[in-house]
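Please examine the sequence and the model shown below. The paragraphs that follow consider aromatic pairs, cysteines and strands in turn.

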Amino acid sequence: MKFFVDTADVDEIRELADTGLLDGVTTNPSLILKSGRDIVEVTKEICNIVDGPVSAEVTALDYDGMMKEAAVLSKIADNICIKLPLTMDGLKACKALSSQGQQTNVTLCFSANQALLAAKAGATFISPFIGRLDDMGIDGMELIEEIRVIYDNYGFETQILAASIRTVNHVKDSALAGADVATIPPSTLKALVKHPLTDKGLDAFLADWAKTGQKIG
Ligand code: E4P
């Protein structure tokens, strides 16, 4: 399973990239706002930190506008992945960009039928939003499971990118459901390593080690 980080904060991205565990980055207009940076400038900086796909989202609602914005964004770096909304115009732009060999991420997916359309449009990634479905009392993980079955039924190569992840259990359940990628907020990604028994066990080992009076090397 690939791990993307869901942020436009370059300090967080650099810290996580240094671990060697980061496969890509997703941004969106809200995350760009939070960063307080210019979209082209910050996205370029992110692309220099991470080799994998960096999703940058268009904001136009019509096909022509999306294609114009995609042309600007795709010039930022070779690893740009154009993020498009799950609308008819977004799917049409996805089809055109994917046919040109451009990586694409169709975002704001809340149903299996929407995911089916994105795969038919040749999307590189489909982003089902788990947390926002959970917020409405609908089990977001069921959507990941449904998409997995549909894509496997027809051999679609579109990768399922579990998005709107809010908890460490969302990451585990997405992996169990067969998502190809999870895009995770930095704090949740860092929390994946935590377990109280790991800390307790390490304390005990170090206390015993100190009693041996030894040093390695
Ligand atoms: C995905 O690409 C989105 O940027 C993100 O996961 C949305 O998450 P949210 O619902 O927590 O805003």
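Across the whole structure, a search finds four aromatic pairs, where Phe, Tyr and Trp rings (for Trp, the six-membered ring) pair if their centres lie within 6.5 Å, with planes under 30 degrees apart counted as stacked, over 60 as edge-to-face and the rest as tilted. The pair of Y154 and F156 is tilted, because the ring centres are 6.1 Å apart and the planes stand at 45°. This is a predicted model, in which local features need pLDDT of at least 70 and side-chain atom pairs count only at pLDDT 80 or more, while totals for chains, interfaces and linings use all residues. Residues are numbered from 1 along each chain as its sequence is written, and side-chain values use heavy atoms, with hydrogens and water left out.

Y154 and F156 belong with Y151 to one aromatic cluster. Burial is classed by relative accessible area: under 20% is buried, over 50% exposed and in between partly exposed, with a 1.4 Å probe and protein chains only. Y154 has 61% relative accessibility and therefore counts as exposed, whereas F156, at 23%, is partly exposed. Another ring, that of Y63, has the charged end of K92 over it, 4.4 Å from the ring centre; the criterion is that NZ of Lys or CZ of Arg is within 6 Å of the ring centre and within 35 degrees of the ring normal.

How many disulfides does the structure hold? There are zero disulfides, a disulfide being defined as a pair of cysteine sulfur atoms within 2.5 Å. For C47, the nearest cysteine sulfur is that of C81, 10 Å away. Why does C94 form no bond with C81? The sulfur of C81 is the closest cysteine sulfur to that of C94, but the separation is 9.1 Å, which is too far for a bond. C47 is buried at 8% relative accessibility, and C94 is buried at 0%.

C81 leads to strand β4 (residues 80-85), in which six of six residues are buried. Helices (H or I, at least four residues) and strands (E, at least two) are DSSP runs, numbered from the N terminus. In a regular strand the side chains alternate between the two faces of the sheet. In β4, I80, I82 and L84 point one way, and C81, K83 and P85 the other. Strand β3 (residues 54-57) pairs with β4 in the parallel sense over four bridges, pairing requiring at least two DSSP bridges between the strands. Opposite C81 in β4 stands S55. The β-α-β crossover from β3 through helix α4 (residues 63-74) to β4 is right-handed: with the strands pointing away from the viewer, the path from the first strand over the helix to the second runs clockwise.

On to strand β5 (residues 103-109), which is joined to β4 in parallel by five bridges; here T107 is the bridge partner of P85. The crossover from β4 to β5 passes through α5 and is also right-handed. Helix α5 (residues 88-99) contains S98, which is buried at 19% relative accessibility. Beyond four places in sequence, S98 touches T104, A121, G122 and A123, contact meaning heavy atoms within 4.5 Å.

Strand β8 (residues 181-184) is joined in parallel to β1 (residues 2-6) by four bridges and to β7 (residues 159-162) by two. T183 is the bridge partner of F4, and V181 that of L161. V181 and T183 point one way from β8, A182 and I184 the other, and all are buried. Together, β7, helix α9 (residues 168-177) and β8 make a right-handed β-α-β unit.
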